[in-house]
Structures are given as C-alpha cells and as structure tokens.
Amino acid sequence: MSSRAVTIVVPTYEEAENIPELVAGIERVAHANALDIELLLCDDNSQDGTRDVVEALNRPWVRLITRTVDRGLSAAVIEGLRNASNDLLVVMDADLSHPPEAIPRMLDQLDQGFDFVIGSRYIEGGSTDADWGLFRWINSKVATFLARPFTSIKDPMSGFFAIKRPTFEHASELNPIGYKVGLELIVKCGCGSIAEVPIHFTDRRFGESKLNLKEQLKYLRHLRRLAIYKYPGWSNFLQFAVVGASGTVVNLIVLTALVAISVSDRIALAGGIGVSFLSNFVLNRRFTFSYARKDSIVGHFFGFLAASALGLVTNYSVALIFRENFAEVPIQIAAMVGIIAGMGLNYLMSRYLVFGNRARG
Ligand code: GDD
Ligand code: MN
C-alpha cells in the first residue's frame with residue numbers, strides 16, 4: 001500500500017505541555033496506517049516554552065509556524081491550511097481532545113468523495129467526557145442549533161475536520177472570526193457532501209480552554225456574516241426578525257423586573273414596550289441597516305418612531321385591555337398578546353392600506 005501524504009494543522013496557544021503527547025499520538029497513527037505526515041503547529045507566539053519543546057522533539061515532519069499578527073484560532077488555522085504541502089488536510093486541537101486514531105477513517109471518507117469530513121461528538125458512536133457540566137452542554141447545543149440555517153450536520157462546532165486542498169482553495173472571502181473555523185469552511189467552500197465520523201471528545205488535562213464569553217459573542221457576529229454571505233437578499237429581513245425576537249425578550253424581562261419592584265401594571269407594560277422599542281432601534285440601526293450608520297441618528301430615531309407609532313399604541317392598548325379583563329393571567333401573557341396585536345396591525349395596514357385591499361388571484 002502506498003502511503004498517503006497528509007498535512008495536519010494544529011492551532012496552538014500555550015500548549016507546550018500537550019505537544020509531546022500530541023506528536024507521539026500522531027506518530028503512532030502514522031506508522032500504523034502508512035501515513036506520511038506534515039504537522040504544522042500554528043502558534044500565536046506563546047511564551048510557555050512551546051518553541052523549546054518543539055525543538056527538543058527534533059522531528060523533521062513537525063514545523064512550528066510562529067504568528068505575531070492577527071491573533072486567533074481561526075486565523076491560525078487558515079494560515080496553516082494555506083501553508084500545507086499536501087493535498088489531504090486535517091485540522092485538530094492540540095489539547096488531546098481529538099483522538100488522532102480517527103484520522104485514517106476521516107481520510108477514507110475524503111477518498112469516498114465527501115467534500116468535508118468532521119469528527120463528530122453527536123452522532124451514533126460519538127461522545128464527550130462524562131463530566132461535561134450542564135452549562136457547557138446547553139451552550140454547545142444552542143450554538144449548534146444557531147448554525148442550522150447553514151448546515152444540518154450534527155456537530156458543526158467541532159474543531160476536528162478533514163478537507164481536500166482543492167475544496168479549501170475553492171473558498172471565497174474567508175473571514176474567520178472566533179472559533180468556528182469548520183463552519184466557516186463548510187459555508188464558504190461550498191461543501192455539499194459532508195461526512196461525520198464519530199469521535200470521543202476527551203477533556204483537556206493540561207492548561208485551560210481559551211473559549212471564553214468574548215469568543216462566544218464573536219460567534220454571533222460570525223453567524224451574522226455567514227447569513228449575509230449565504231442569504232444576501234434575505235439578510236436584512238432576517239436580522240430585522242432576529243432583532244424583533246430579541247425585543248420581545250427585552251420587553252418581558254423589563255416588564256418582569258418592573259412588576260417585581262411593584263410598579264403599577266400600566267407603567268410596567270409601558271416600560272417593557274418603551275425599552276424594547278429603544279433596543280430594537282439601536283440594534284436595527286447598528287446591525288440590520290448598518291449600511292446607513294453614518295446618517296443622523298436623530299432623523300433615524302424619529303423616522304423609526306413614526307413607522308412604529310401605531311403598532312406601539314396598539315401593542316400597549318391591547319396589552320392593557322387584556323390585562324384589565326384577564327387579571328388572573330400572568331401579565332407577561334398580556335404583554336405577548338399586545339406584541340402580537342401590534343405586529344398584526346402592521347401587517348393589516350400594509351395589506352389593506354399600503355398595498356391595496358383587493359385580493360388578486
Ligand atoms: N494559534 C492560536 N491562537 N490557537 C488558539 C487560540 C489562539 O488565539 N485559541 C485557542 N487556540 C488553540 C488551542 O491551543 C487548542 O489547540 C485549540 O485552539 C482549541 O482551543 P481550546 O481552548 O482547547 O478550545 P475548546 O476546547 O474550548 O474548544 C474546542 O472544542 C469546541 C467544541 O466543543 C475547539 O475545537 C472549538 O473549535 C470547538 O468548537
Ligand atoms: Mn480544548
């Protein structure tokens with residue numbers, strides 16, 4: 001059997017303690033499966049002795065790429081992929097979370113003609129270490145759910161994947177922010193066929209995860225960019241809808257807080273509507289219609305107020321009437337009924353006043 005030449009790209013930041021075992025694991029798999037490996041460690045200039053560790057290993061097939069600009073996991077991965085000498089490309093973490101034993105099976109799937117192969121925790125046979133807390137689990141599931149408009153695979157968040165170089169080079173406008181470089185490639189390389197290979201995801205033993213809240217917020221920005229890329233005609237509407245949904249949440253939170261400090265129902269309902277109106281305005285100006293951000297905010301504000309006025313009044317009146325007639329129902333329900341009424345009014349006005357009242361076949 002002739003050996004397969006593979007480039008493995010590993011982003012690293014302060015992983016000196018993990019590198020020897022990572023290299024040993026990959027070496028074992030390479031020997032057992034006749035793989036000819038180039039390992040690119042794409043390091044963001046860690047000051048933990050990474051360089052010494054790599055030099056001491058003295059493996060000619062292991063190369064350290066030290067990066068000093070444009071820090072970040074995704075940027076490091078993209079740089080590694082661009083520097084790869086082989087046509088078969090694998091990306092994995094340094095912290096021994098990803099089992100190198102899965103690599104041959106992933107390469108087999110590339111041979112079968114799949115564009116992209118992901119090491120998956122969430123398909124039959126895949127798993128995570130048992131002590132994953134509930135919070136981490138929910139977090140991962142929510143992030144996966146948010147990626148659904150872009151891919152239906154079970155574990156698009158995985159940082160363990162394989163791709164062929166021509167597919168990677170097909171990518172247009174790579175713009176990686178944050179952690180989800182796999183998702184970025186799936187969308188931008190136009191990967192049609194994706195295979196998932198089950199893996200067991202082991203918790204890191206040394207060092208700590210760099211996936212913090214800031215990175216999670218970057219994921220939302222990343223999703224927005226992917227939406228603009230993939231659904232250019234729909235992206236404004238989509239963002240408007242997401243902002244609207246966030247407004248509903250803001251409304252209910254403010255309402256609940258005001259009720260908790262026992263202000264009157266009228267003021268609580270008005271407060272929820274008022275604050276969510278403001279947050280909708282700010283978010284729509286900042287995101288949905290960001291192309292107009294340079295224009296006057298005062299003009300925008302009154303324009304948005306005028307466009308929303310009747311809906312707001314309807315929202316408030318209906319919520320209040322509902323509240324007065326169904327006092328035993330939680331006030332949040334009254335607020336929701338008001339929101340739906342406001343939306344319904346906007347729809348009816350558009351349909352009958354703006355776009356004519358005759359139904360045409
Ligand atoms: N070059 C570079 N620069 N590498 C980085 C950086 C950075 O700023 N931040 C993290 N890395 C490297 C780490 O050294 C590690 O090898 C790998 O990227 C993953 O980082 P972790 O900090 O271990 O991430 P995680 O375990 O929380 O997240 C992993 O699992 C997630 C799914 O649960 C990653 O694979 C994520 O991409 C994945 O979504
Ligand atoms: Mn990790």
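This passage describes the nonpolar cores, salt bridges, a buried lysine and a long-range helix packing in a predicted model. Residues are numbered from 1 along each chain as its sequence is written, and chains are lettered from A and ligands numbered from 1 in the order in which they are written. Local features need pLDDT of at least 70, side-chain atom pairs count only at pLDDT 80 or more, and totals for chains, interfaces and linings use all residues, while side-chain values use heavy atoms, with hydrogens and water left out.

The largest nonpolar core holds 33 residues. Such a core is a set of buried Ala, Val, Leu, Ile, Met, Phe, Trp, Tyr and Cys residues joined through side-chain atoms within 4.5 Å. Buried means under 20% relative accessible area, exposed over 50%, and partly exposed in between (1.4 Å probe, protein chains only). Ile8, Leu39 and Leu41 touch the most other members of this core. Elements that each supply at least two of its residues include strand S1 (4-12), strand S2 (35-43), helix H2 (50-57) and strand S8 (194-198). Helices (H or I, at least four residues) and strands (E, at least two) are DSSP runs, numbered from the N terminus. Helix H1 gives the largest share, 6 residues. Leucine 41 has contacts (heavy atoms within 4.5 Å) that include Val10, Ile19, Leu22, Val54 and Leu64, with residues up to four places away in sequence not counted. A second, separate core has 25 residues, among them Ile65, Ile118, Phe168 and Ile194. In soluble globular proteins, nonpolar side chains tend to be buried together.

The structure holds 17 salt bridges. Each is a side-chain nitrogen of Lys or Arg within 4 Å of a carboxyl oxygen of Asp or Glu. Aspartate 108 pairs with arginine 4 at 3.0 Å, N to O. Aspartate 108 lies in helix H4 and arginine 4 in strand S1, so the bridge ties together parts 104 residues apart in sequence. Aspartate 108 is partly exposed, at 35% relative accessible area. A network of salt bridges links Arg4, Asp108 and Asp111.

Arginine 67 bridges to aspartate 44, with the closest N and O atoms 2.6 Å apart. The two sit in loops, arginine 67 between S3 and helix H3 (73-82) and aspartate 44 between S2 and H2, so parts 23 residues apart in sequence are tied together. Arginine 67 is buried at 4% relative accessibility. Aspartate 44 is buried at 9%.

Arginine 323 and aspartate 265 meet at 2.8 Å, N to O. This pair joins helix H11 to helix H10, so it ties together parts 58 residues apart in sequence.

Lysine 180 lies in the loop between helix H6 (165-169) and helix H7 (181-188). Lysine 180 is buried yet has no salt bridge. The nearest side chain of opposite charge, glutamate 215, is 8.1 Å away. Lys and Arg count as positive, Asp and Glu as negative; His and the chain ends are not counted. Beyond four places in sequence, lysine 180 touches Ser74, Met157, Leu211, Tyr219 and His222. Glutamate 215 lies in helix H8 (residues 213-230) and is itself buried, at 17% relative accessibility.

Helix H12 (residues 331-354) has 24 residues and should span 34 Å; its end C-alpha atoms are 33 Å apart, which agrees. The expected span is 1.5 Å times one less than the number of residues. Buried residues of H12 include Ile331, Ala334, Gly338 and Gly342. Their cover includes helix H9 (235-260), helix H10 (265-288) and helix H11 (297-325). Just after H12, glycine 356 takes a positive phi of about 90°.
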